[in-house]
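Here's a set of exercises to work through with the viewer open. Try each task yourself before you read the solution below it.

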Amino acid sequence: MRIIFMGTPDFSVPALKALVEAGHDVIAVITQPDKPKGRGKEVQMPPVKEQALEYNIPVYQPVKARDPEFVKFLTDLAPDVMVVAAFGQLLPKSILDIPKYGCINIHASLLPKYRGASPIQYAVINGEKESGITTMMMAEALDTGDMLDQAKVTLDLKETGGSLHEKLSQIGGSLIIKTLNKLEDKTAVRIPQDESKFTYVGMIKKTMGDIDWSMEADVIERLIRGLNPWPSAYTGWNGKVIKIWEADVVDKEYAGAIGEVVEVGKDCLVVKTGKGGLSIKELQMQGKKRMDIGAFLRGYQIAEGTVFERSV
């Protein structure tokens, strides 16, 4: 099939690889413009662009894909199908109507649950037992199109946003091939989404990581995992920010204030929460490297009775 691929971050790369390796003719890759990143603000290419260039596939980076001139350009390419994976722009009807087989989106949730920008993180934060990939026909409204295929994955007990992201990106690559085969041989079945069951999740903001110690310990522990690696969960201590990378729930009630350190040992630091305690296992002082709790306590003196606070 003649395919235009639209995607931007590393999540999209396995799908592009799968299309090429399956023998499809990827005639163009559309991705977001290069952007400055990091402390040095060095301009970097999106991961999908880097992969496309390795395959010698033409790359186009419109500021707005909906601009009439670019829409005409896409029309002239005459694709059989467009495959979209985390492209980063909503596509208008003028683009959705171009391909013979339509525009197919690779979405990182089991629709209709978790439409929107951050389904991977929220699956972990909300304690879901399973997640997955849905391939779907794209519609003008975000993530509302008919479903074509789904593949499920069970979340590990210590699943993080990062580990689930990696699993789902790989699944997306294999599932899109299955979906395209069905479209081509006319066996694909379009399944409308149940509008009574959908949930929407917006963009993850850095402030979400500022731990509210009045929440229950299991809620905080899932937040820590869901926001790992970005933006990470954190707390305030002595005017500095400490990122918390891993923790365990302690099913025990403690006296003291919310956010108070209630147990300290050689390799142990437990904080009182709104319900239960949180035993911190890995953390990172502002400007320093990540370390396990034992190494941290050898370098920083934190006594029982210390209170961690919100950072803002």
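**Exercise 1. The largest pocket**

What volume does the largest pocket have? Then work out what lines it.

*Solution.* Keep in mind throughout that this is a predicted model.

Step 1. Start with the space itself: the volume of the largest pocket comes to about 1500 Å³.

Step 2. Now look at the walls. There are 49 lining residues, and those nearest the centre are Pro9, Ala86, Gly88, Ala117 and Met203.

Step 3. Trace the lining back to the fold. β3 (35-37), α2 (47-54), β6 (81-85), β7, α5 and α6 each put in at least two residues.

Step 4. Sort the lining by class: you get 28 nonpolar, 15 polar and 6 charged residues.

**Exercise 2. The second largest pocket**

Find the second largest pocket and say which strands supply at least two residues each of its lining.

*Solution.*

Step 1. The second largest pocket holds about 280 Å³ of space.

Step 2. Go round the lining: Lys206, Pro229, Trp230, Pro231, Ser232, Tyr234, Val241, Lys243, Gln284, Met285, Gln286 and Gly287.

Step 3. The strands asked for are β13 (240-250) and β16 (277-285), each with at least two lining residues.

Step 4. By class, the lining of this second largest pocket splits into 6 nonpolar, 4 polar and 2 charged residues.

**Exercise 3. Thr8 and its surroundings**

Is Thr8 buried or exposed? Explain the call, then list what Thr8 touches.

*Solution.*

Step 1. Place the residue: Thr8 sits in the loop between β1 (2-7) and α1 (13-21).

Step 2. Thr8 has a relative accessible area of 13%. The cut-off for buried is under 20%, so Thr8 counts as buried.

Step 3. Leave out residues up to four places away in sequence, and Thr8 touches Thr31, Gln32, Pro46, Pro47, Val48, Ala85, Ala86 and Phe87.

**Exercise 4. α1 and the largest core**

Which residues of α1 are buried, and what do they pack against?

*Solution.*

Step 1. Pick out the buried residues of α1: Val13, Pro14, Ala15, Leu16, Ala18 and Leu19.

Step 2. Follow their packing. The buried residues of α1 lie against β1, β2 (25-30), α2, β6, β7 and α6.

Step 3. Zoom in on Leu19. Setting aside neighbours within four places in sequence, Leu19 contacts Ile3, Phe5, His24, Val26, Val83, Ile176, Ile177 and Leu180.

Step 4. Put Leu19 into the wider picture. The largest nonpolar core has 45 residues, and Phe5, Leu19, Leu168 and Leu180 touch the most other members. The largest share of this core, 8 residues, comes from α6. There's also a second, separate core of 22 residues, which includes Ala247, Leu278, Leu283 and Met285.

Step 5. Finally, step off the end of the helix: just after α1, Gly23 takes a positive phi of about 95°.

**Exercise 5. Salt bridges**

How many salt bridges does the structure hold? Take three of them and ask where the partners sit.

*Solution.*

Step 1. The total is 19 salt bridges.

Step 2. Take Lys113 and Glu128, whose closest N and O atoms are 2.9 Å apart. Lys113 is in the loop between β7 (103-107) and β8 (115-116), and Glu128 is in the loop between α5 (119-125) and β9 (130-137), 15 residues apart. Lys113 is partly exposed, at 34% relative accessible area.

Step 3. Next, Arg190 and Asp146 form a salt bridge at 3.1 Å, N to O. Arg190 lies in the loop between α6 (161-184) and β11 (200-201), and Asp146 in the loop between β9 and β10 (147-154), so this pair ties together parts 44 residues apart in sequence.

Step 4. Now one inside a helix. Glu221 and Arg225 form a salt bridge with closest N and O atoms 2.7 Å apart. Both lie in α7 (residues 217-226), 4 residues apart, or about one turn of the helix. An α-helix has 3.6 residues a turn, so residues three or four places apart point the same way.

Step 5. Check burial: Glu221 counts as buried at 8% relative accessibility, and Arg225 counts as buried at 11%.

Step 6. Widen the view again: Lys158, Glu221, Arg225 and Asp248 are linked in a network of salt bridges.

Technical notes: Residues are numbered from 1 along each chain as its sequence is written. This is a predicted model: local features need pLDDT of at least 70, side-chain atom pairs count only at pLDDT 80 or more; totals for chains, interfaces and linings use all residues. Side-chain values use heavy atoms; hydrogens and water are left out. Buried means under 20% relative accessible area, exposed over 50%, partly exposed in between (1.4 Å probe, protein chains only). Contact means heavy atoms within 4.5 Å. A salt bridge is a side-chain nitrogen of Lys or Arg within 4 Å of a carboxyl oxygen of Asp or Glu. A nonpolar core is a set of buried Ala, Val, Leu, Ile, Met, Phe, Trp, Tyr and Cys residues joined through side-chain atoms within 4.5 Å. On a 1 Å grid over the protein atoms alone, a cavity is a set of points where a 1.4 Å probe fits but cannot get out, and a pocket is an open set with protein on both sides within 12 Å along at least five of seven lines; lining residues have an atom within 4 Å of a point. Grid points are joined across faces, edges and corners, and a volume is the space filled by probe spheres set on the points. Ala, Val, Leu, Ile, Met, Phe, Trp, Tyr, Cys and Pro count as nonpolar, Asp, Glu, Lys and Arg as charged, and the others, Gly among them, as polar.
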